[in-house]
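Reader: Hey, got a minute to walk me through this one? I'd like to start with how the helices sit against each other.

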Amino acid sequence: MSFRAPVAEMAFTIRQVAGLDRAIAEGLHGDLTADLAEAILEEAGRFASDVVAPLNRVGDKQGAVLKDGAVTMPPGFREAYRAWSEAGWNALPGPEAYGGQGLPLLLNAACVEMWNAASMSFGLGPLLTAGGVEALARHGAEELRERYLAKLVSGEWTATMNLTEPQAGSDLSALRAKAEPAGDGSYRIRGEKIYITWGEHDLTDNIVHLVLARLPDAPAGTRGISLFLVPKVLPDGSRNDLRCAGLEHKLGIHGSPTCTMVYGENDGATGWLVGEPNRGLACMFTMMNNARLCVGLQGVGIAERAYQQALSYARERRQGRAGTVAGTGSSAGMSPIIEHPDVQRMLLTMKAMTAASRGICYLTAEALDRAHRAPDEAARRDALDRASLLTPVAKAFSTDIGIEVASIGIQVHGGMGFVEETGAAQHLRDARIAAIYEGTNGIQAIDLVTRKLPLQDGAVVRAQIATMRGIAERVLREGGPAFGLTAPRLREAIASLDAATSFLLRALRSNRPEEALAGATPYLRLFGLAQGGATLAQAALAAHAAAAGGDSDPAHPARVALARFFAENLATTARGLEETVTTGAGYLQDAPLALAS
């Protein structure tokens, strides 16, 4: 089934939910206008739909191939990537001083969603390059910035992040890679890294690896890790002492090469320090919010594509209604399965969860824009705190939703969904990794509860809850009969979030961290439901007002109906999640007994 980027819905969410129009009016984005932003999204949608989307199946079926240390990408990837970078898409959010367009992260967030919905394997490479640009722009020495940034911003070269090692996993304190000074300002890097996305490929002439390693006599643990820029091709044109030693055979994203990289088998791979010695994690953390947001957008993109395919199939697939006696129907009694209430429920769940996740991700992108562009330091700091609070929710909730929506999509297809021929299974296989990399979703939940809730002694999360509550009150005042029980159900979900938040903050302040950790994952889900419901309600209010003003766009009543479905059918689980957060820690004392046999 062909994919079409939902440009109109993206633009509506960016403007009416995330607040692009307000930011433009405040002068945060220079000469950018809403019309120009929509034109950019329209062109990105065409490129994603017409050029990138056809790569999805061939990437899955043929995959990347390693031979004699060189990786060949699937057919069509090289041509599409070249056209993509030459069209300026890689440079869209990049710093203007190095050839970037300096456009908002919010606008780029919609584009990231499109690239990954079209082909997640294709979209992964640029995601890593964007992280490399951010790290180098903020921490690299002037010589490194002048040598590498322009080519990374344009997409002429790509970048990678080299963190994980075979013995370390998510525990970066266990890294063993070494870096020794060479006496000329460079270093010799030795070690092995695994799970390196796009670590080797044939799309560009050079690949810039950002590698975590330890200097001699570095402190133990994470305090002794430094960051190094290690290019595949050195400035003099010679090949660096590094190689791809293997490709992982994965459940999904077959078109994206996941490499084992070996550095320094001979004289040592040449690299240059990025940032201060032993402060490599601080350099990495500067790009974590953006990188984790982009992974969340992968979840949204996969969910959108799975929904589109399931909707198309449900409109075309015809059969008798469930509950009729087998063998008594006739062809005249056959109807599209989209007319069946349970299929409608599945499709509405897919659409509502996708839209809710999109809204959360776009809100996070807008906060990151304000953190960089707000006119005064206090406003930038407040925006950064809000982005920090929302980032783990955007990453974990959205990638969980990507998996769930892709799974429901298979169910809509029935037996044909389990058959690779339809392509529905690929969405689930591809989506599954997003909940694991860039910090597993369990780590995101721990980060949310232990590091983000205490921001400003809880004031940041309280302000966010107050904003959600304000939206629910607006629905109560301004919504009509079409909103059904949206207001009371949303208020109940927000009240549950508020109560769970109070419980967790008390646990942290009372030095009961195990209780907070036990409730972290259900709390993140609860946060996502409340915030997602609020974003859908906000979109519904804007649509309701537009329709009342004479706008006959059929998408407006659909937005109201979607917000109502979410509130009445999905947000209702909030109360149970609150109970799990506040009373569920008892499993900790029973776990050893329960797991003993």
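Reader: So at what angle do helix α11 and helix α19 pack?
Author: At about 105°, with their axes 10 Å apart. Helix α11 covers residues 341–373 and helix α19 covers residues 555–570. The axes are lines fitted to C-alpha atoms, for helices over the stretch in contact, and angles run from 0 to 180 degrees between N-to-C directions.

Reader: Parallel or perpendicular, what do you call that?
Author: That angle makes α11 roughly perpendicular to α19. The cut-offs are: under 35 degrees roughly parallel, over 145 roughly antiparallel, 65 to 115 roughly perpendicular, and the rest oblique.

Reader: Which residues make the contact?
Author: From α11 you have Arg345, Leu348, Thr349, Lys351, Ala352, Met353, Ala355 and Ala356, and from α19 there are Leu562, Phe565, Phe566 and Leu570. Contact here means heavy atoms within 4.5 Å. By class, the contact of α11 with α19 has nine nonpolar, one polar and two charged residues. For those classes, Ala, Val, Leu, Ile, Met, Phe, Trp, Tyr, Cys and Pro count as nonpolar, Asp, Glu, Lys and Arg as charged, and the others, Gly among them, as polar.

Reader: Before we go on, where does the model come from, and how are things numbered?
Author: It's a predicted model: local features need pLDDT of at least 70, side-chain atom pairs count only at pLDDT 80 or more, and totals for chains, interfaces and linings use all residues. Residues are numbered from 1 along each chain as its sequence is written, and side-chain values use heavy atoms, with hydrogens and water left out.

Reader: And what counts as a helix or a strand?
Author: They're DSSP runs, numbered from the N terminus: helices are H or I with at least four residues, strands are E with at least two.

Reader: Okay, new topic: α20. Which of its residues are buried?
Author: Ala574, Leu577, Glu578 and Val581. Buried means under 20% relative accessible area, exposed means over 50%, and partly exposed is in between (1.4 Å probe, protein chains only). These buried residues cover an arc of only 105° around the axis, so they are on the same side of α20. The arc is that of the directions from the helix axis to the C-beta atoms.

Reader: What covers them?
Author: The cover includes α16 (486–509) and α18 (520–548).

Reader: Glu578 is in that list. What does Glu578 touch?
Author: Not counting residues up to four places away in sequence, Glu578 touches Ser496, Ala499, Ala500 and Leu526. Glu578 counts as buried because its relative accessibility is 11%. The C-alpha atoms of Glu578 and Asp498 are separated by 9.1 Å, though the two are 80 residues apart along the chain.

Reader: Switching to charges: how many salt bridges are there in the whole structure?
Author: A search finds 35. A salt bridge is a side-chain nitrogen of Lys or Arg within 4 Å of a carboxyl oxygen of Asp or Glu.

Reader: Cool. What does Arg4 pair with?
Author: With Asp50, at 2.8 Å from N to O. Arg4 lies in the segment before α1 (7–17) and Asp50 in helix α3 (residues 34–52), so the pair ties together parts that are 46 residues apart in sequence. Arg4 is partly exposed at 44%, and Asp50 is partly exposed at 46%.

Reader: And which residue meets Glu38?
Author: That's Arg15, at 2.7 Å from N to O. Glu38 is in helix α3 and Arg15 in helix α1, 23 residues apart.

Reader: What about Glu404, who's its partner?
Author: Glu404 forms a salt bridge with Arg525, with the closest N and O atoms 2.8 Å apart. Glu404 sits in helix α12 (residues 377–413) and Arg525 in helix α18, so this pair ties together parts 121 residues apart in sequence.

Reader: Which residues are linked in a network of salt bridges?
Author: Arg22, Glu26, Glu366, Arg370 and Arg386.

Reader: Last thing: Thr260, buried or exposed?
Author: Thr260 counts as buried, at 13% relative accessibility. Thr260 lies in strand β9 (residues 258–263). Leaving out residues up to four places away in sequence, Thr260 touches Glu192, Lys193, Ile194, Arg243, Cys244, Ala245, Gly246 and Glu248.

Reader: And what's phi of Asp68?
Author: Near 55°, a positive value in a residue other than glycine. Asp68 lies in the loop between β1 (65–67) and β2 (70–72), and Asp68 is exposed, with a relative accessible area of 77%.
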